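Here is a quick walk through one protein model, from its charge pairs to its core and its less certain ends. Have a look at the sequence and the fold before reading on.

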Amino acid sequence: MDSVPSSHTPKYLYEVTTSSSKHLEVVLTSVGRGEFFLPNLMTFVLEVFKKRLRVGKSPFWRLNGLSEEDVNSIMARTVCAKSAFELWGHGRTHSELRNSLLKYPTENMSPFLQKDSTYKINVYTFNKTLEFEDRIKKIDAMEYLSFEGRVNLRNPKHIFCLLEDYGTDPNDIPDEPLYIYFGRWIADGQRELIRSHSVKNRHFIGNTSMDAGLSFIMANHARVKAYDLVYDPFVGTGSLLVACSHFGAYVCGTDIDYNTIHGIGKASRKNQKWRGPDENIRANLRQYGSEKLYVDVLVSDASKPIWRDGVLFDAIITDPPYGIRESTRRTGSQKDSVNSVKPSEDYHVPVSMAYHLSDIFTDLLNFSAHHLVIGGRLVYWLPIYRPEYCEEMVPLNACLRLVSNCEQTLSSHTSRRLITMEKIKEPEETDALAHLSDPHFSPYQGHNAFREKYFSGIKSGKCSTVFF
């Protein structure tokens with residue numbers, strides 16, 4: 001995967017309105033999924049809490065201008081961050097760290113250093129493992145801080161952490177850290193959700209069930225919250241519905257695959273030939289205690305809308321088929337094409353026809369423009385042949401604003417990009433004319449050959465974009 005650009009000095013500064021409550025400078029430690037961390041974090045910081053964000057490189061991210069309540073709210077949702085700390089001091093060396101700590105306002109420190117309090121100090125290192133004795137030496141070297149409470153390693157009232165960054169290259173680990181932070185622990189992120197909702201332990205799965213971590217990232221990109229109505233038009237085994245229901249949203253979906261929707265047919269698990277009597281999407285939500293948020297799932301063709309006109313959904317989150325492990329197809333009739341495919345015995349579909357990727361994305365954006373609330377978000381995956389990629393390949397719609405575009409590398413020549421869009425206006429009659437006159441709104445036909453390119457490997461040639 002591509003890593004988030006990093007620097008040991010914060011490089012980017014996003015300034016927005018700050019609140020009147022006490023402001024903290026905070027350090028967040030990110031874990032994996034680096035390419036999604038910044039957009040995921042900005043979803044909360046910029047769109048929800050309206051604060052100031054300062055981010056740098058490495059796994060340590062600095063935020064400035066948030067209250068402790070804000071930090072707890074962020075950490076209660078994100079699976080991209082491991083822990084958050086109130087930053088008391090930092091520097092490139094331990095000497096700089098000491099000077100920085102001694103300059104930190106005493107009134108901010110003193111409530112956590114009282115005689116009647118208990119505490120412990122942890123040492124966390126990135127890209128290097130320290131012996132226990134070395135950790136103790138680093139803790140002892142911080143005796144210049146006036147801790148008056150008692151040490152309690154099992155159940156301390158306050159936890160402090162020394163964070164050392166040794167870079168990102170495991171083959172070139174420096175003897176001394178590149179940057180050092182010290183602060184008070186505030187909260188941990190929701191990394192536990194990735195384990196508790198692992199597909200390996202899920203009741204009902206399929207060949208393309210979405211990874212739990214990515215499912216929660218998508219739900220956060222969509223800003224899913226309690227009482228929202230969330231829809232997945234390519235629902236599959238419902239992994240995205242599970243993640244959204246965790247945050248209290250009502251969930252529903254459709255899929256063209258009759259067997260998957262009804263939980264029948266061949267199983268995807270090893271050493272299991274057929275699916276059991278209660279293997280279905282509802283059972284997955286029941287497994288995690290959110291069955292009451294299950295609206296329903298239907299057998300339906302995404303190319304033929306079944307919904308009434310008007311606004312229906314707070315968010316649309318989906319992973320369309322790419323034609324690799326799941327075919328891209330739609331229903332049709334013998335009149336539609338002389339080359340229509342005969343129906344398979346595995347599906348209750350009269351006639352199955354090709355559903356080109358370019359058409360899938362055009363239909364998805366048009367549906368979202370008509371059925372999302374204003375401010376509602378569409379989050380979906382876009383498969384890409386990397387040697388040809390350019391931003392013009394991302395589908396556009398006059399009613400939707402592109403919020404973020406994150407890459408997850410699949411192979412040396414393919415990747416998929418997590419696209420997040422937000423509805424900014426209702427559709428108008430003039431939009432159709434704009435789509436015809438502006439080539440940027442035209443479907444990129446190159447998406448239709450993704451399957452062939454996926455299996456072909458890298459071919460020489462320059463990147464080019466052609467609109468039809």
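Within helix α6 (residues 192–196), what separates R195 and E192? The two sit three residues apart in that helix, which means a gap of about one helical turn. Keep in mind that this is a predicted model. In it, R195 and E192 form a salt bridge, with 2.4 Å between the closest N and O atoms. As for surroundings, R195 counts as exposed at 54% relative accessibility, while E192 is partly exposed at 44%.

**Charge pairs**

That bridge belongs to a set of 16 salt bridges found in a search of the whole structure. The general idea is simple enough: side chains of opposite charge can pair when their charged atoms come close. Here are three of the pairs, with their closest N and O atoms.

| Pair | Closest N–O distance |
|---|---|
| R195 and E192 | 2.4 Å |
| K225 and D228 | 3.2 Å |
| R286 and D278 | 3.0 Å |

The K225 pair has partners in unlike settings: K225 is partly exposed, at 48% relative accessibility, whereas D228 is buried, with a relative accessible area of 5%. In the R286 pair, R286 is partly exposed at 36%, and D278 is partly exposed too, at 34%. Salt bridges also link R223, R377, R401 and E422 into a network.

**Overall build**

Stepping back, the protein has 13 helices and 18 strands. Half the chain is tucked away, in that 50% of its 468 residues count as buried. Among contacts with a separation of 6 or more, 73% join residues 24 or more positions apart. On the outside, the protein exposes about 22,900 Å², and carbon and sulfur atoms supply 50% of that.

**Cores**

In soluble globular proteins, nonpolar side chains tend to be buried together. Here the largest nonpolar core has 61 residues, and V224, I317, L378 and Y380 touch the most other members. Strand β16 (residues 372–385) gives this core its largest share, seven residues. Take L378: leaving aside residues up to four places away in sequence, its contacts are I316, L364, L365, S368, L372, L400, I419, T420 and M421. There is also a second, separate core of 20 residues, with L101, M109, Y119 and F160 among them.

What about an arginine: is R417 buried or exposed? R417 counts as buried because its relative accessibility is 11%, below the 20% cut-off. R417 sits in strand β18 (residues 414–423). Not counting residues up to four places away in sequence, R417 touches Y380, W381, L382, I384, Y389, N405, C406 and E407.

**A nonpolar patch on the surface**

Y227, Y250 and V295 make up a nonpolar patch on the surface, with about 340 Å² of accessible area together. Y227 is in the loop between α7 (212–221) and β10 (229–232), and is exposed, with a relative accessible area of 67%.

**Where to be careful**

The mean pLDDT of the protein is 83, and 79% of its residues reach 70 or more. Over residues 1–20, though, pLDDT stays under 50, and the model has 55 contacts beyond four places in sequence for this stretch. Residues 460–468 are also below 50, with 15 contacts in the model beyond near neighbours in sequence. Where pLDDT is low, the predicted coordinates should not be read in detail.

Conventions: Residues are numbered from 1 along each chain as its sequence is written. This is a predicted model: local features need pLDDT of at least 70, side-chain atom pairs count only at pLDDT 80 or more; totals for chains, interfaces and linings use all residues. Side-chain values use heavy atoms; hydrogens and water are left out. A nonpolar core is a set of buried Ala, Val, Leu, Ile, Met, Phe, Trp, Tyr and Cys residues joined through side-chain atoms within 4.5 Å. Buried means under 20% relative accessible area, exposed over 50%, partly exposed in between (1.4 Å probe, protein chains only). Helices (H or I, at least four residues) and strands (E, at least two) are DSSP runs, numbered from the N terminus. Contact means heavy atoms within 4.5 Å. pLDDT is the predictor's confidence in each residue, from 0 to 100. Patches are made of residues with over 30% relative accessible area and no salt bridge: like charges are joined within 9 Å, nonpolar side chains (Val, Leu, Ile, Met, Phe, Trp, Tyr) within 5 Å. Accessible areas come from the Shrake-Rupley method with a 1.4 Å probe; for residues, only the protein chains shown count as cover. A salt bridge is a side-chain nitrogen of Lys or Arg within 4 Å of a carboxyl oxygen of Asp or Glu.
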